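Biologist: Thanks for sitting down with me. Could you walk me through this model, beginning with the ligand?

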Amino acid sequence: TNTQHQYRSESSLGQNPLSCRTLSTRRELYERDFPVYKQPVEVGCFSLDSERRFFNDSRQMRYYMEPDRNPNFNLRDGYRDRFIKRDDSVKERLDHILRWIVANKSKINPTGAAASPRALDVDFVTWRGHLTKLLTTPYETREGWLLAVTRFRGTFYISEVETEAARRERENRTERHEEMMYWGYKFEQYTCADNTHSLPDPGGVVNTNEAFCTVVQTRLADHRLLFSGEVDCRDKDPKAPAAPACYVELKTSAEICTPKQRSNFHRFKLLKWWAQSFLPGVPRVVAGFRDQEGVVVSVETFHISKISHLIKNEYNCWKPTVCMNFCCDFLSFVKRVVTEDSPRVVYLFSWDPYKDVTYSAHRDAQYCFLPHWYVEEMTR
Ligand code: 0WD
Ligand code: CA
């Protein structure tokens with residue numbers, strides 16, 4: 001039906017295939033009914049300031065100011081003189097989420113640690129961005145991934161490891177690519193205000209260390225998930241629905257001039273946009289379409305619940321159910337494989353386009369990512 005990609009509340013657990021050493025990513029295998037994906041609930045939030053310091057509050061929340069439909073925003077403005085770029089060679093792994101968990105243990109353990117054999121009442125802890133990569137895997141033809149998994153007190157922690165190819169790409173970006181990465185942040189500055197009674201400040205500094213992150217809990221089939229994702233801004237109307245329904249995701253994209261460009265936008269870009277926002281229950285994406293010179297020539301709102309209808313006329317297009325069923329089966333695969341419960345053991349899941357998912361196990365190795373302070377805090 002048309003609504004099979006909507007959030008569901010009833011239970012219908014699929015049967016796992018037999019235990020196996022690899023997992024296929026072929027699309028046909030995941031064309032079944034849409035799995036149960038419960039409406040995500042925001043259980044907290046945190047902020048990272050201009051120096052990347054963690055705060056257990058919403059101080060970095062910003063407010064969406066609807067721009068003109070044809071605004072002529074110059075995204076190149078300030079790239080040379082008003083841009084402070086986060087050092088993306090620093091790997092933060094799950095650290096910010098773990099800090100949030102330590103500060104909010106009672107919120108995710110309603111029964112109390114003493115009543116539960118687990119430290120946490122969830123199966124998986126990860127970043128939203130890692131789950132987005134899983135959702136889009138059956139359709140990805142360019143970039144593989146490496147996901148490190150540690151089982152600790154019954155909970156599976158999933159943290160990305162940069163692939164060799166991704167590192168080479170990061171270290172060899174062209175000047176043009178570096179500047180284009182700035183354009184998305186500049187669009188945020190044109191459309192976001194720091195509070196409900198102020199206006200955006202396009203003359204200010206863009207600092208990509210700053211972030212506001214939501215922490216949500218939900219369930220995919222029998223997998224209880226706790227994940228965090230960066231949120232660009234919220235509806236400024238105080239009567240707007242509660243988070244995450246009031247959140248707005250901002251994007252920039254090349255302007256669409258030909259039928260071929262429109263088709264590619266539907267087939268590739270809308271898949272990534274849908275997956276990223278569907279996961280935390282963010283209902284809309286506001287897109288700034290820019291020309292070759294980095295000027296936003298039009299602005300359009302996409303409602304996540306309508307994206308699957310928009311793409312229906314594309315030949316051989318992506319399907320939300322394939323994305324969700326693959327993610328679900330990957331998480332089941334992780335549960336079967338990752339049997340040793342220890343912060344010093346990492347199972348490394350590896351995938352390259354047109355291949356199956358494989359894994360290897362590592363002890364006391366370079367891949368360990370749960371910090372000592374976290375292990376100590378959760379063991380006492
Ligand atoms: O170190 C790492 N490997 C990662 C760190 C990978 C992914 C995320 N992070 C951390 C950062 O602390 C960041 O603040 O996660 C936060 C964002 O997490 P997410 O929401 O799970 O990531 P994702 O959905 O991939 O990206 C959301 C936004 C991006 O916006 P667009 O519109 O371009 O999708 O977060 C930003 C970016 O603005 N972003 C990042 N910010 C800092 N470090 C990173 C990153 N590695 N990746 C995306
Ligand atoms: Ca964004």
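Modeller: Gladly, and do keep in mind that this is a predicted model. Let's begin with G129, which has a backbone N or O atom 2.7 Å from an oxygen atom of ligand 1.

Biologist: Which residues are the closest to ligand 1?

Modeller: Ligand 1 is surrounded by 17 residues. Polar side-chain atoms reach its oxygen atoms too, including one of E92 at 3.2 Å. The closest residues are R52, R86, R128, G129 and E230.

Biologist: How far is a polar side-chain atom of E249 from an oxygen atom of ligand 1?

Modeller: E249 has two roles to keep in view. Its OE is a donor to the calcium ion (ligand 2). Towards an oxygen atom of ligand 1, a polar side-chain atom of E249 lies at 3.0 Å.

Biologist: What spacing do the donors of the calcium ion (ligand 2) follow along the chain?

Modeller: The ion is coordinated by D232 through OD, E249 through OE and L250 through O, at 2.3 to 2.5 Å. D232 sits in the loop between β12 and β13, while E249 belongs to strand β14, 17 residues apart, so distant parts of the chain are linked. Written as a pattern, the spacing is D-x16-E-L.

Biologist: Are D232 and E249 buried or exposed?

Modeller: The cut-off for buried is under 20% relative accessible area, counting protein chains only. By that criterion, both D232 and E249 are buried.

Biologist: Which residue in β15 stands opposite L250?

Modeller: Strand β14 covers residues 247-254 and runs parallel to β15, residues 284-290, with seven bridges joining them. Across from L250 in β15 stands V286.

Biologist: Which strands stand at the edges of the open sheet of seven strands?

Modeller: The order is β4-β16-β15-β14-β13-β3-β9, with mixed pairing. A strand with a single partner has one side left without a neighbour in the sheet, and that is why the edges are β4 (73-74) and β9 (192-193).

Biologist: At what angle does helix α6 run to β14?

Modeller: Helix α5 (residues 175-191) packs on the sheet, its direction making about 135 degrees with that of β14. Helix α6 (residues 259-278) lies across β14, β15 and β16, and its angle to β14 is about 160 degrees.

Biologist: Last one: which residue's backbone oxygen lies 2.7 Å from a polar side-chain atom of T321?

Modeller: T321 lies in helix α8 (residues 320-337) and counts as buried because its relative accessibility is 6%. It touches Y30, R32, D33, F34 and P35, leaving aside residues up to four places away in sequence. The backbone oxygen at 2.7 Å belongs to R32.

Note on methods
Residues are numbered from 1 along each chain as its sequence is written. Chains are lettered from A and ligands numbered from 1 in the order in which they are written. This is a predicted model: local features need pLDDT of at least 70, side-chain atom pairs count only at pLDDT 80 or more; totals for chains, interfaces and linings use all residues. Side-chain values use heavy atoms; hydrogens and water are left out. Two strands pair if DSSP finds at least two bridges between them. Helices (H or I, at least four residues) and strands (E, at least two) are DSSP runs, numbered from the N terminus. Contact means heavy atoms within 4.5 Å. Axes are lines fitted to C-alpha atoms, for helices over the stretch in contact, and angles run from 0 to 180 degrees between N-to-C directions. Donors are N, O and S atoms within 2.8 Å of the metal (3.2 Å for Na, K and Ca); water is not among the atoms, so sites may look incomplete. Buried means under 20% relative accessible area, exposed over 50%, partly exposed in between (1.4 Å probe, protein chains only). A residue is near a molecule or strand if one of its heavy atoms lies within 4 Å of it. A polar contact is a pair of N or O atoms within 3.5 Å; within protein, one must be able to donate a hydrogen and the other to accept it, and residues adjacent in sequence count only if both atoms are side-chain atoms.
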